[in-house]
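Work through the exercises below with the sequence and the structure open. Each task is followed by a solution in steps.

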Amino acid sequence: MDNKFVFLFDHSKNGGKELLGGKGANLAEMTRIGLPVPFGFTITTDACKAYYDAGKSLSTEVKSQVVEALSKLEDKTDKQFGNPINPLLVSVRSGAVHSMPGMMDTVLNLGMNDDTVKGMAELTNNPRFAYDSYRRFIQMFSSVVLDVAHYHFEHRLEDYRESKGYQSDTELSAEDWKAIIEEYKSIVSKQAKQPFPQDPKEQLFLTIDAVFDSWNNQRAILYRRLHDIPGHLGTAVNIQSMVFGNMGEDSGTGVAFTRNPSTGESKLYGEYLINAQGEDVVAGIRTPQPISTLQDEMPDVFQQFVETCNLLENHYKDMQDIEFTVEGGKLFILQTRTGKRTAEAAIRIAVEMVKEEIMDERTALLRVDPDQLSQLLHHRLDPDHKSKQLTTGLPASPGAATGIVVFDADEAEVRSKNKEKVILVRPETTPDDIHGIVASEATVTSRGGMTSHAAVVARGMGKACICGCDSLKINLDSKQFSVGSTTVHEGDTITIDGSTGHIFLGEIPMIEPELSDDFLLLLRWADKEATMEVRANADNPIDAKKALDFGAKGIGLCRTEHMFMDASRIPTVRSMILSETTEERKDALDKLLPMQQEDFEGIFETMQGHPITVRLLDPPLHEFLPDKEELLVAVTKLQLTDPGSTELQEKQNLLRKVKLLEESNPMLGHRGCRLGMIHPEIYEMQIIAIFNAMSTVMKKGISVKPEIMIPLVSHVNELKEMRQLVLNVGNKLQEETGQDFDYLIGTMIETPRAALTADGVAEEADFFSFGTNDLTQTTYGFSRDDAEGKFLQHYVDNDILPKNPFVSLDQDGVGKLVESGVKLGRKTKPTLKTGICGEHGGEKESISFCFQLGLDYVSCSPFRVPSARLATAQAAIRHEESNRRKEHQYQ
């Protein structure tokens, strides 16, 4: 049986949007429900895929089906394609599965030539309209199909208007358009090296090829990348009989949203033009009128349009973006699609449609994109402000900020204390820079990826951050950076948008974040549907409180190393690291113990009985020491200027220890539980601090439920030994205090071996937390920062990888290890608690995958908690709907 590649709009067995594209599916649906849709047919996405499979060639089978459908369109309209007396003219438009407005090509008035234009003039008794339509077709076809630059035609038309003293195109007569047409054809002959094609069928098939080609034009590829649309889907092509908005004062064209796409207000929002075709509305040559004034111009048409809008919104149960044309006082609907909207509008529309009983709460939850919610939790740039963009980096943490540029963390702290708003610009950040990040409005680095130190810390604080901006040429000595020919000095003002990665020169006004009542109501609906908890990654009471405010059900990752990074503690931490003996190290640890205990008390008290996963020290010790290269420079200078100084001796000792701790690959070296195995006194101090804090807080009548996590376990024997250390300390302190401590002991699964041997590891674990940042690194063999900075974007841009695996969990690879870990772990311990605490814990596709695996919770930065709450609800709803469909199939 032949494949069916072409469907008429009224075909009884039309496929869904996967086959017909969104536009084609909607045109068929509107035709079926009796709306005034110009008749036509759709060439499917399967035809597009076949076109590319055949080396960008339209098969004979597709061509014959197009000709057959065209014949039926002629019968339906009582017109003939290419007939000079009664010509059928068509529009040819793209129609992807997912809406991609303006990204692909369109040709209107197709079928016009030197003969049919005369027939149109006689048929309509309107020569001006006919020749205007022909010149539009020549211009559009030549630009889209023959690759003749648009400006050649625009310049010629502008010159002609000026020579005649005309102010707008509507003043040109039929004779004027005839003259323009001849000049346009000359332009085509010169630029395309061929005459303008006169055969309508040749025009049609060339245009179909061009629309298929536009699926892979640069702007379409970029749009798909930005909106996570798969490249293999292809586009459909819609061939539709033309209706004309440029036939006179009783005709027109416009675009309208059924609700305001910026605010969500339930009011028609759009524009139209009298005596115009669709491209005039967006070209900017004429100023459109607000849709509301159509009520005065054409009251009957306006009323019919309002009724149509209400019908479509109720039918699709969502705000619609509608294109329409009025021909001779008659309304036609050219297309409808789900309208793009801001986060604010998305929430308001969803909530109000529930109140209007257009949809239920579950449907409303599916109408809001979790990724949009972060727009409402951070400062945003005023979109109406015009500004100079300097460059773009990786959008590492959302939000916007303005401040003066500083290049040093200490300087940032000093200026911040003086009430100056600063943006810290560094080649990269280290734990030593934490105080500068805290003091700054935002951070920019020229190196590092989306999960680099700067990015992770900034996201945890809810601060904007841009990483990996390699176009920034930073000179720390002269305290300036350059982008091309522009140089920015310390003290100059810049503005950054962490949601897009854009950096601007100067100050841009900000829009304050505001959580509306609708937002809070939507999240309450989400919590009713969700079956998987959302926790937050938080390392201090401030972040813990923010997490609770955003609805987190606990802390899924408390990174104790961040507690060591306070500037006042670094000297004590370094003395611990530089200790030559265990006794010396214990003396330093005794000083750190009350500090660590105080941190835990603050978090435990803030969380008021919610579970808290505390990860013992994870990074290698050298991260708490100064940079080796900087130390070498300092030592060399002192050897020349002050060779007998105590400072030189101290720095030489420090340099010796840094060299001793240096590792070829520190991410795979002496870190995590390996530290605890070799230096158990470090972990012992932390464990004592946890239990002492528990005791203190419990005496205040507050419940405490810590989950003590041993990081980077690869072998069950590591966890067995570290678990015993925790139990020994816990049992001892329980005896001393007379209190019963309620706690769990578990591990972070972040190496492939741990995942593959999870049944054995689970014998010593009460819970698994999957650290998918490191698990992705160790599975791929990627160094995270190097990969993102050097080649990973190339992989994504060229479809080597579908997505950045550090942003969205690699379900086929890393995901299988997570799945294995869950199944094997629960085979040993059916009640084993499982969660995820990497950056993927706040990403919607990763959350959906975690739900399918049956994880108990996901954990993410506090500012991603609302998005994660919505995503977990959506995962539960879609799972239930999928099961219901399967049950229905078998009934």
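**Exercise 1.** Decide whether lysine 193 is buried or exposed, and state which sign its phi has.

Solution. This is a predicted model. Start with the position: lysine 193 is in the loop between helix H7 (174–192) and helix H8 (200–214). Next take the relative accessible area of lysine 193, which is 71%. The cut-off for exposed is over 50%, so lysine 193 is exposed. Last, the backbone: phi of lysine 193 is positive, about 60 degrees, although the residue is not a glycine. For comparison, most residues other than glycine have a negative phi.

**Exercise 2.** Find the element that holds asparagine 109, and classify the residue as buried or exposed.

Solution. Asparagine 109 is part of strand S4 (residues 106–110). Its relative accessibility is 0%. Buried means under 20%, so asparagine 109 counts as buried. Phi of asparagine 109 is near 65 degrees, a positive value in a residue other than glycine.

**Exercise 3.** Describe the surroundings of asparagine 537: is it buried or exposed, and which residues does it contact beyond its neighbours within four places in sequence?

Solution. Asparagine 537 is in strand S24 (residues 533–537). With 4% relative accessibility, asparagine 537 counts as buried. Leaving aside neighbours within four places in sequence, asparagine 537 is in contact with Gly556, Leu557 and Arg559, and also with Cys837, Ser859, Cys860, Ser861 and Pro862. For a distance in space, take arginine 569: 32 residues separate it from asparagine 537 in sequence, and the C-alpha atoms of the two are 22 Å apart.

**Exercise 4.** Locate glutamate 249 and name the residues that form a negative surface patch with it.

Solution. Glutamate 249 is in the loop between strand S5 (235–241) and strand S6 (252–257). At 62% relative accessibility, it counts as exposed. The negative surface patch consists of Glu249, Asp250, Asp296 and Glu297.

**Exercise 5.** Give the overall figures for the chain: how many helices and strands does it have, and what part of its residues counts as buried?

Solution. The chain has 35 helices and 31 strands. Of its 891 residues, 55% count as buried. Among contacts with a separation of 6 or more, 69% are between residues 24 or more positions apart. Along the principal axes, the C-alpha atoms fill a box of roughly 105 × 75 × 50 Å. For charge, count 96 positive and 133 negative side chains; the centres of the two sets lie 2 Å apart.

How values were computed. Residues numbered from 1 in each chain as written. Predicted model: local features only at pLDDT ≥ 70, side-chain atom pairs only at ≥ 80, totals over all residues. Heavy atoms only, no water. Patch = residues over 30% accessible without salt bridge, like charges linked within 9 Å, V, L, I, M, F, W, Y side chains within 5 Å. Areas by Shrake-Rupley, 256 points an atom, 1.4 Å probe, with all protein chains shown as cover. Salt bridge = Lys/Arg side-chain N within 4 Å of Asp/Glu carboxyl O. Lys, Arg positive; Asp, Glu negative; His and termini not counted. Charge placed at Lys NZ, Arg CZ, Asp CG, Glu CD. Helix = DSSP H or I, 4+ residues; strand = E, 2+ residues; numbered from the N terminus. Buried < 20%, exposed > 50% of the residue type's maximum accessible area, 1.4 Å probe, protein only. Contact = heavy atoms within 4.5 Å.
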